[in-house]
Amino acid sequence: MVESYPENIQDLRAAIPLGGRVLEITTTTGCVVGCSYCPQDKFAERQRAVSRAKHLRLEDFKRCLSHVPAAVDISFAGYSEPWLNPACTEMVEHAYAAGHGIRIFTTLAGMNERNLRRLQALQFRVFLVHVFDDGTYMNSRLVRRKYVDLMRQLVDADIPSMLFIVMGEVHPELVDIIPEEALVRSRPLSSRGGSVDPKIVEARQPIAGALTCVDEREHRNVLLPNGDVTLCCMDFERRHILGNLLRDEYQDLFKGPTFRKIVDRMNGEDGFLLCRICEFAKPTASAC
């Protein structure tokens, strides 16, 4: 375990490395975790309209990764729970063996004891566990005996980069397992670019003119099960598709017309830009 834990959501964000380029991996279309503050249904609807690929196939993942420089971190997170894809652990191992820095963001749904033992042999930039709540926001029916046992083993696994976060109150079956000092408690903060139900998180007023992303998310892109790459983890509705890594080189994602338009609009040019209603964007000094 880490020697000290973040005390709040701001400290948690500071504990997660933000520098450098990251490719997030969405391993599956559709998610049973059922977080009310996740626009999963909108993502699934848009994704199914363009592709029948429910899961990212291991061979397709390897092909996509062959186009990505080792200096780019690979983050198993994306728009759904990564371990709902049975091949997820093997994908992690493959990316690790290829020399990529690895980041894990998971609820543990779909993971098993064998997966955990294999993961313990690796090192991670961060291993963030999204803890199930008491059912207020998440599908608490997934917290069954095997899940509770797995969480207990994870807590005892001594993974140095492990962090925990919960939205709301911890599920009763997990309260006595996760050390209180290891938990960061938060409320849903992001509207995911206006995709979340406004009754839960209201979208911000659009930013006019030039802006910047405080986390440089234009270089923290998301790979989808069919190889498409979206702008960032806020783009649940596929509004900015940079290219497809089954055919494109990673560097080419940032040379195409979509990314060029994004840069121009971030610099103040008119036209639709998801960033304008994203909580992680701020006006540049010239736009203030």
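User: Contact means heavy atoms within 4.5 Å. What covers the buried residues of helix H3?

Analyst: This model is predicted: local features need pLDDT of at least 70, side-chain atom pairs count only at pLDDT 80 or more, and totals for chains, interfaces and linings use all residues. Numbering runs from 1 along each chain, and side-chain values use heavy atoms, without hydrogens or water. Helices (H or I, at least four residues) and strands (E, at least two) are DSSP runs, numbered from the N terminus. The cover over the buried residues of H3 includes strand E1 (22-25), strand E2 (73-76), helix H4 (88-97) and strand E8 (220-223).

User: Within what arc do the buried residues of H3 fall?

Analyst: In H3 (residues 58-65), the buried residues (under 20% relative accessible area, 1.4 Å probe, protein chains only) are Leu 58, Asp 60, Phe 61, Cys 64 and Leu 65. They line one face of the helix, because the arc seen down the axis of H3 (directions from the axis to the C-beta atoms) is 160°.

User: How many residues of strand E4 are buried?

Analyst: Val 126, Leu 128 and His 130 point one way from E4, and they are buried. Phe 127 and Val 129 point the other way, and they are buried too. E4 (residues 126-130) is therefore largely enclosed by the rest of the structure, its buried count being 5 of the 5.

User: Which residue in E5 is the bridge partner of Phe 127?

Analyst: Strands pair if DSSP finds at least two bridges between them. E4 is joined to strand E3 (residues 102-106) by 4 bridges, and the two run parallel; there, Phe 105 stands opposite Leu 128. E4 is also joined to E5 (residues 162-167) by 4 bridges, again parallel. In E5, the partner of Phe 127 is Met 162.

User: Which residues does Met 151 touch beyond four places in sequence?

Analyst: The largest nonpolar core (buried Ala, Val, Leu, Ile, Met, Phe, Trp, Tyr and Cys residues joined through side-chain atoms within 4.5 Å) has 88 residues. Met 151 is among those with the most contacts inside this core, alongside Phe 76, Val 92, Phe 164 and Leu 174. Beyond four places, Met 151 touches Leu 108, Val 129, Phe 164, Leu 174, Ile 177 and Ile 178.

User: What distance separates the C-alpha atoms of Ala 203 and Leu 150?

Analyst: Ala 203 sits in the loop between strand E6 (183-186) and strand E7 (211-213). Its relative accessible area is 30%, so Ala 203 is partly exposed. Beyond four places in sequence, Ala 203 contacts Ser 191 and Gly 194. Leu 150 is 53 residues away along the chain, and the C-alpha separation is 36 Å.

Definitions and conventions: Buried < 20%, exposed > 50% of the residue type's maximum accessible area, 1.4 Å probe, protein only.
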